[in-house]
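Trainee: Can we go through this one together?
Mentor: Yes, have a look at it and ask whatever comes up.
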Amino acid sequence: MRRYVGVLKALDSRWGGWGDAGVASALTGTRPGETPSGVGAPVGAGTALSQPGTVAAVEINAHGQTVGAAIPGWSPRPMPERVELAGRYVTAEPIHPRHTDALYASLCRPGDESLWTYRPAPFPTSRTEVDEELVRALASRTDSVTQVFVPVGGIASGLATFFPCVPSSGVVEISGVLFGRGMQRTAAATEAIHLLLRHAFDDLGYRRVEWKCDTLNAPSRRAAARFGFTYEGRFRQHVVIKGRNRDTDWFSILDAEWPEIRARHERWLDPANFDSDGLQRQGLGNI
């Protein structure tokens, strides 16, 4: 059976997600990744999956049709778990009503309205609104897991959600990303996303992690590229948010790409990469 390196796109609009990977923080980094360049040349039978940054091999079936390569031993992956994920600079904790006061203080102060521009929900104007419509609403969901980010020595200052989750295909999105101003541009912010990626790939065995954002959300696009996500394309007139059109940009990291990306994250997060003032010696995009 001949195997080819080819482009397979099976994007299901159902999974557009409520959660703009709306990093309101201006995380620095390189420009968004380029669109995949196309179909590679045929390779010999038995060739392993394509190199990181490309796409999976395909096969020709008995009818002469191109089909996806078989995945030996594949089984559906478990749902993301409500577990604590501890890092050097931050801990990701399953969202709980005990986080309400801290999230209200870090995300909803006067002047924080712009943090919520690209989110589907409006800016909360009271603690009660944060508690009922954000914290308890997310904590009660059974189809997603929301993690709250607590920097070492600080208070809960951000959150992100595993949603949508497609265990049958090993696909999950990191969505609804939101960092308070005090957490932006910090090692804790980078490590927070790293912890989620590590949990999805290393602990749960997912094949693909997605990141989606409003095309106009430039900080989120930059963040996706900085974290190592590959730009896949744009869904035009994808959804209506707050009465406005939203085009959505799609990014992903595949399991074959993760080991190299993980190593770069770990080198950047190493304390040796920061000076006595906590400033990075080398940018993540340069590692």
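The chat below turns to a strand with its partners and then to a helix residue.

Mentor: Keep in mind throughout that this is a predicted model.

Trainee: Okay, strand β7 then, how many of its residues are buried?

Mentor: In strand β7, which covers residues 145–151, 7 of the 7 residues are buried, so the strand is largely enclosed by the rest of the structure.

Trainee: And which residues sit on each side of β7?

Mentor: Val 145, Gln 147, Phe 149 and Pro 151 lie on one side, while Thr 146, Val 148 and Val 150 lie on the other, and both faces are covered. As background, side chains in a regular strand alternate between the two faces of the sheet.

Trainee: Which way does β6 run against β7?

Mentor: Strand β6, residues 90–94, runs antiparallel to β7 and is joined to it by 5 bridges, and within that pairing Thr 91 has Val 150 of β7 as its bridge partner.

Trainee: What about β8, how many bridges there?

Mentor: There are 5 bridges between β7 and β8 (residues 158–166), again with the strands antiparallel, and Gln 147 is partnered by Ala 160 in β8. The two strands form a hairpin with 6 residues between them, and Gly 153 in the turn has a positive phi of about 80°.

Trainee: Switching topic: Thr 100, buried or exposed?

Mentor: Thr 100, which is found in helix α1 (residues 100–107), counts as buried because its relative accessibility is 0%, where the cut-off for buried is under 20%.

Trainee: What does Thr 100 touch?

Mentor: Leaving aside residues up to four places away in sequence, Thr 100 touches Arg 127, Val 130, Asp 131 and Val 135.

Definitions and conventions
Residues numbered from 1 in each chain as written. Predicted model: local features only at pLDDT ≥ 70, side-chain atom pairs only at ≥ 80, totals over all residues. Heavy atoms only, no water. Buried < 20%, exposed > 50% of the residue type's maximum accessible area, 1.4 Å probe, protein only. Helix = DSSP H or I, 4+ residues; strand = E, 2+ residues; numbered from the N terminus. Pairing = 2+ DSSP bridges. Contact = heavy atoms within 4.5 Å.
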